[in-house]
Amino acid sequence: MKFDFLKACALVFCLSPVSGALAQAFNLSNLKTEYLQNPIGIDNPAPRFTWQMQSTKNGAKQTSFRILVDTDSTALTKADGSLWNTGWLKSEKQLITYSGQSLKPFTKYFWRVEIADEHKKKSNQFYITSFETGMMDMANWQGAWISDNENEKLKPAPYFRNTFTTEKKIKSARAYIAAGGLYELSINGEKVGNHRMDPMYTRFDRRTLYVSYDVTKNLVDGKNAIGVLLGNGWYNHQSNAVWDFDKAPWRNRPTFCLDLRITYDDGTVETIKSGKNWKTALSPIVFNSIYTAEHYDARLEKDGWNTANYDDSKWKNVIYRSAPSKNIVTQALHPIRNVEEIASKSLKKFNDTNYLFDLGRNISGVSKITVKGPAGTIIKLKHGERLYGNGHVDISNIDAHYRPTDNTDPFQTDILILNGKGEQTFMPHFNYKGFQYVEVNSSAPVQLSQKNLVGYFMHSDVPVSGNINSSEPIINKIYSATNNSYLSNLFGYPTDCPQREKNGWTGDAQIAIETGLYGFDGITIYEKWLADHRDEQQPNGVLPSIIPTDGWGYEWGNGPDWTSTIAIIPWNIYLFYGDDKLLADCYENIRKYVNHIDETYPSGLTTWGLGDWIPVKSKSPVELTSTCYYYADVVILAKAAKILGKTADFEKYTILAQKIKDAFNAKYFNKQTGIYASGVQTEMSVPLYWKIVPEESIAVVASNLAKKVEADGFHLDVGLLGTKAILNALSENGYSDVAYKVAAQKTYPSWGWWMENGATTLYENWPIDAKSDISMNHIMFGEIGAWLYKSPGGIKPDPEKTGFKNVILAPHFVKGLGQFEAKHTGPYGEIISSWIRNGNEISYKVVVPPNSTASLMLPQEENLKVYLNGKVITEGVAQLASGTYTFDWK
């Protein structure tokens, strides 16, 4: 099936709002500050407010709004905002940046939003939400940076404790804690919150994060105790691997700084802070490595160590330490959590000291075991993704880059030493792994049942914002596996794999950005990660291939095919959210990066890059793929310059983009044959996808690509970069049926081949028996997840009205598929694109959220007419107001 988009765009009709619906109500939902609900610890002096309009009527939209901000929620009920009152503004915007009176630290602010609809009718209800500022300035910290020593090689994790007494009634209490390393905070014996792995990994010597907690309910009248347990994380990397994180310039024994700010009913404030009055001792965690595992000796437990009446007379004094960096900023993003508990699917008993648990699916996270045995019994829990033929766990596919110096730190193997005091439970504090199987070996017989071990799927807990469902089981499995791999590689930054590396590989992340944004509300993670980019960029514009880094990756693996993240991710955030803040924040970084390539490769062609990583069989020139990415970066830079009002830059980089395009096509394109280079899939699809093909040649190049794919048996012959391009290049240029055949393929090499062989995540290599590069939980081939939204679903953001203010709907009713539904919740609400075949006929349902519109490109189906409400539609594009519509092809 071919669809001529340009021809269709010339035929447009509009569907106007349905009349007679004045009495129908509307309301608001999803009020957020900085894309978080009721956040605390906000440091941005100009936070962003967002909301959504809810209405069931067609044509519903916001025509004006008013925002009020005050520290008194009662004042807002009276429509009085002493800090900011926008007045009623005629605007459809649902993303507004605060511009009222200067915000103060440690202050809770309430904001109220009201809107009027398309009939200028104001809602009978108003909506109030809140946010709370944090430190806002490093000068507001009172606590000292403390630790137990400066011995980076000391293995046991340290405990810290302090007690204090409250003598007045507490109104509220907030804990602010920053750390070099990882921590768990507890008050009066209970862990505070449900986060894991705080704070998120950054370049510690350039930017350190702090986290804010509401601990009002954790405190009691009278004597209280604060406990802090410190872990190494990436700050004190004790395991040796090829990336040399053990030699990081910031490396030291973990340290922290804490302020516990208590506000009493009488308005006075007391700050309990970290300092010399704290005590420290070593914990039962005798070793912890974010890269390998955690070892715990239960015989060393200090019961009640974090409670008020514990005797710490034998504990040692703490020492002062310098702060890891001069830039301590808030962690305002969705946290890592144990998101899902997964029961063991099966248990195999080899003997009384050897068991194998199978979770039934591959995850990132931890296992939790409950076991009873004699004191001193050593329990080893080996985590892996696959098994040897004899049924034991095989980690040879994921330990390839580990360089152990001895046998005391086995890869992905937790070690528990029992204390003999009955049944005990162990789950790592400062480590996560990638695994499906857990093999348990014990030094003495133990009795285990299937219920004795569970897994926790652990990742940044970003809200789900999309879903795909189809009549083809293999497509549903691929989509599920793609999401599992995406989430398995989201830990405050996007990683490549959760076991072998845990590195922030830029290439994997730029490939997966659309997949992530269609499926999940991940803007907070990406804004944090692009700040990591800005920390890591050299003055000449060069970025490393892994971010954050200890310095590794500036000499290998970077280049425009990988580190185009600096341009591609801010651009996609702008498209999906309609928010240009990240684009503006990164503008100079993009410009420096582009200028560096321009200076180094003045011809317009660049050989800098890794190329089409791990291809099936055909290798494409690095210069071809890298130049396409360089072109994409320059195009994004020119667009950003126009958006941000930088006219001279817009003109400059528009000219540079044309220069690159001309040089590329002069070298690689045979205009007579319509073939790029040797004509393999990557060489044809990447220029099409990045739109470097001359306009007049697009049709012939696309036709040749489709022929090549057919000649390859509708199988993939691409690597990382080709995977991003191949399906889109076909679908966007009239060959969606060909793309679908590739996507739904079940034989090697294909995504479906993995699923047919039991995959629940995406792999790193096409052959499942590859001798190397065979992690079984990688996101780098994950573009298919986004393609399902874009092609059969047809949901795309409009570059002219970003944030899905206007939704581009261009569904492809691909042959061989009976039913398909794509749902995506954007800034204005849920978009639904759903179709089903009824014999030779097709019914298509679309939902456009309130306050947005849609441009529906009506597919041309042979011998079928398009009907809406019983009337034939002859135009090619339907311009839809918000609401629900059903089109029929008969």
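**Exercise 1. Work out what surrounds Tyr109 and whether Tyr109 is buried or exposed.**

*Step 1: contacts.* Take contact as heavy atoms within 4.5 Å. Skipping residues up to four places away in sequence, Tyr109 touches Val69, Asp70, Thr71, Leu83, Ser102, Leu103, Lys104, Thr129, Ser130, Phe131 and Thr133. Keep in mind that this is a predicted model, where local features need pLDDT of at least 70, side-chain atom pairs count only at pLDDT 80 or more, and totals for chains, interfaces and linings use all residues. Residues are numbered from 1 along each chain as its sequence is written, and side-chain values use heavy atoms, with hydrogens and water left out.

*Step 2: place in the fold.* Tyr109 sits in strand 9 (residues 108–116); strands here are DSSP runs of E with at least two residues, helices are runs of H or I with at least four, and both are numbered from the N terminus.

*Step 3: a partner from further along.* Phe131 is 22 residues away along the chain, yet the two C-alpha atoms are separated by 5.5 Å.

*Step 4: the polar end.* A polar atom of the Tyr109 side chain lies 2.7 Å from the backbone nitrogen of Lys104.

*Step 5: the verdict.* Tyr109 counts as buried because its relative accessibility is 2%. The cut-offs are under 20% relative accessible area for buried, over 50% for exposed and partly exposed in between, using a 1.4 Å probe and protein chains only.

**Exercise 2. Find the loop that holds Asn232, and say which side chain Asn232 makes a polar contact with.**

*Step 1.* The loop runs between strand 17 (222–231) and strand 18 (255–264).

*Step 2.* The partner is the side chain of Asn236, at 3.0 Å. A polar contact is a pair of N or O atoms within 3.5 Å; within protein, one must be able to donate a hydrogen and the other to accept it, and residues adjacent in sequence count only if both atoms are side-chain atoms.

*Step 3.* Leaving out residues up to four places away in sequence, Asn232 also touches Gly181, Leu182, Gln238, Pro254 and Asn288. With a relative accessible area of 2%, Asn232 is buried.

*Step 4.* For context, UniProt lists residues 168–340 as "domain: Bacterial alpha-L-rhamnosidase N-terminal" in an unreviewed entry. Over residues 168–340 the chain is 0% helix and 43% strand, with the end C-alpha atoms 40 Å apart.

**Exercise 3. Say which backbone features turn up in the loop between strand 15 and strand 16.**

*Step 1.* Pro199 is in this loop, between strand 15 (190–191) and strand 16 (208–214). Asp198 and Pro199 are joined by a cis peptide bond, with omega about -10°.

*Step 2.* Met197 lies in the loop between strand 15 and strand 16. Its phi is positive, about 60°, although Met197 is not a glycine. Met197 is buried too, at 7% relative accessible area.

*Step 3.* Now look for a second cis bond: one joins Tyr748 and Pro749, again with omega about -10°. Pro749 lies in the loop between helix 14 and helix 15.

**Exercise 4. Determine how much of helix 14 is covered, and by what.**

*Step 1.* Helix 14 (residues 736–743) has 7 of its 8 residues buried. Those are Ser736, Asp737, Val738, Ala739, Tyr740, Val742 and Ala743.

*Step 2.* The cover includes helix 3 (473–488), helix 12 (698–711), helix 13 (720–731), helix 15 (751–756) and helix 16 (783–790).

*Step 3.* Trp751 is in contact with Val742 and Ala743, among other residues, leaving aside neighbours within four places in sequence. Its contacts also include Ile478, Leu727 and Ile784.

*Step 4.* Trp751 is also among the residues with the most contacts inside the largest nonpolar core, alongside Ile369 and Phe887. That core has 206 residues, where a nonpolar core is a set of buried Ala, Val, Leu, Ile, Met, Phe, Trp, Tyr and Cys residues joined through side-chain atoms within 4.5 Å. Helix 9 (residues 622–643) gives the largest share of this core, 12 residues.

**Exercise 5. Locate the bend in helix 4.**

*Step 1.* Helix 4 (residues 506–519) has 14 residues and reaches 19 Å from its first C-alpha to its last. That is close to the 20 Å expected at 1.5 Å a residue, taking 1.5 Å times one less than the number of residues.

*Step 2.* The bend is at Ala512, by about 50°; the angle is between axes fitted to the seven residues ending there and the seven starting there.

*Step 3.* As for cover, 14 of its 14 residues are buried.

Methods: UniProt positions are given in the numbering used here, feature names are shortened, and annotations may be inferred rather than shown by experiment.
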